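Please work through the exercises below with the sequence and the structure side by side, trying each task before reading its solution.

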Amino acid sequence: LRHSAERHASCADCALRWGSPVDAREPKQGRTALQDYIGDARWRTRDFEASPAHLAVVERLCSAGASVVAEDDAGDSALSLAVAGGLGRVRGL
């Protein structure tokens, strides 16, 4: 997330095209890419919901089959993270 939203979207598309498992979990918190992406504090502090490119990454992950209800090690799902963060547009996707 350090680069432009468009570049991040391009990276996500590339990973999916190469067959990266959309619900693979990272070992530190057991989060999927969707959980990690939505759980980033910048959705609130930098208003990522106003960014079409950021929302497009969420849509792309979901269309590739990312689970919105899979839970990480703390019991949080992408959906619960969106609710807790007040991310109404993300929840609506």
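The exercises that follow deal with salt bridges, a pocket, a surface patch and two loop residues.

This is a predicted model, in which local features need pLDDT of at least 70 and side-chain atom pairs count only at pLDDT 80 or more, while totals for chains, interfaces and linings use all residues. Residues are numbered from 1 along each chain as its sequence is written, and side-chain values use heavy atoms, with hydrogens and water left out.

**Exercise 1. Salt bridges**

Task: Find the salt bridges and state, for each partner, whether it is buried or partly exposed.

Solution: Side chains of opposite charge can pair when their charged atoms come close. The rule asks for a side-chain nitrogen of Lys or Arg within 4 Å of a carboxyl oxygen of Asp or Glu, and by this rule the count comes to three salt bridges. For exposure, a residue is buried under 20% relative accessible area, exposed over 50% and partly exposed in between, with a 1.4 Å probe and protein chains only.

Step 1. Arg-60 and Asp-13 form a salt bridge, with 2.8 Å from N to O. Because Arg-60 belongs to helix α4 and Asp-13 to helix α1, the pair ties together parts that are 47 residues apart in sequence. Helices here are DSSP runs (H or I, at least four residues), numbered from the N terminus. Arg-60 is partly exposed at 29% relative accessibility, and Asp-13 is partly exposed at 27%.

Step 2. Asp-72 and Arg-31 meet in a salt bridge of 2.9 Å, N to O. Asp-72 sits in the loop between α4 and α5 and Arg-31 in the loop between α1 and α2, so this pair ties together parts that are 41 residues apart in sequence. Asp-72 is buried, with a relative accessible area of 7%, and Arg-31 counts as buried at 12%.

Step 3. Asp-40 and Arg-42 are joined by a salt bridge of 2.9 Å, N to O. Asp-40 counts as buried at 15% relative accessibility, whereas Arg-42 counts as partly exposed at 21%.

**Exercise 2. The largest pocket**

Task: Work out which elements line the largest pocket, and which of them gives the most.

Solution: A pocket is an open set of points on a 1 Å grid over the protein atoms alone, where a 1.4 Å probe fits, with protein on both sides within 12 Å along at least five of seven lines; lining residues have an atom within 4 Å of a point.

Step 1. The largest pocket holds about 200 Å³ of space, a volume being the space filled by probe spheres set on the points.

Step 2. Its lining has 13 residues, and those nearest the centre are His-8, Ala-12, Ala-15, Ala-33 and Leu-61. Two or more lining residues come from each of α1 (5-17), α2 (33-38) and α4 (52-63), and α1 gives the most, with four residues.

**Exercise 3. A patch and two loop residues**

Task: Name the residues of the nonpolar surface patch, then describe Asp-47 and Ser-20.

Solution, step 1. Val-68, Val-69, Leu-79 and Val-83 make a nonpolar surface patch of about 320 Å², and Val-83 has its place in helix α5 (residues 78-84). Such a patch takes residues with over 30% relative accessible area and no salt bridge, with nonpolar side chains (Val, Leu, Ile, Met, Phe, Trp, Tyr) joined within 5 Å.

Step 2. Most residues other than glycine have a negative phi. Asp-47, although not a glycine, has a positive phi of about 55°; Asp-47 lies in the loop between α3 (42-45) and α4.

Step 3. Ser-20 lies in the loop between α1 and α2 and is partly exposed at 36% relative accessible area.

How values were computed. Patches are made of residues with over 30% relative accessible area and no salt bridge: like charges are joined within 9 Å, nonpolar side chains (Val, Leu, Ile, Met, Phe, Trp, Tyr) within 5 Å. Accessible areas come from the Shrake-Rupley method with a 1.4 Å probe; for residues, only the protein chains shown count as cover.
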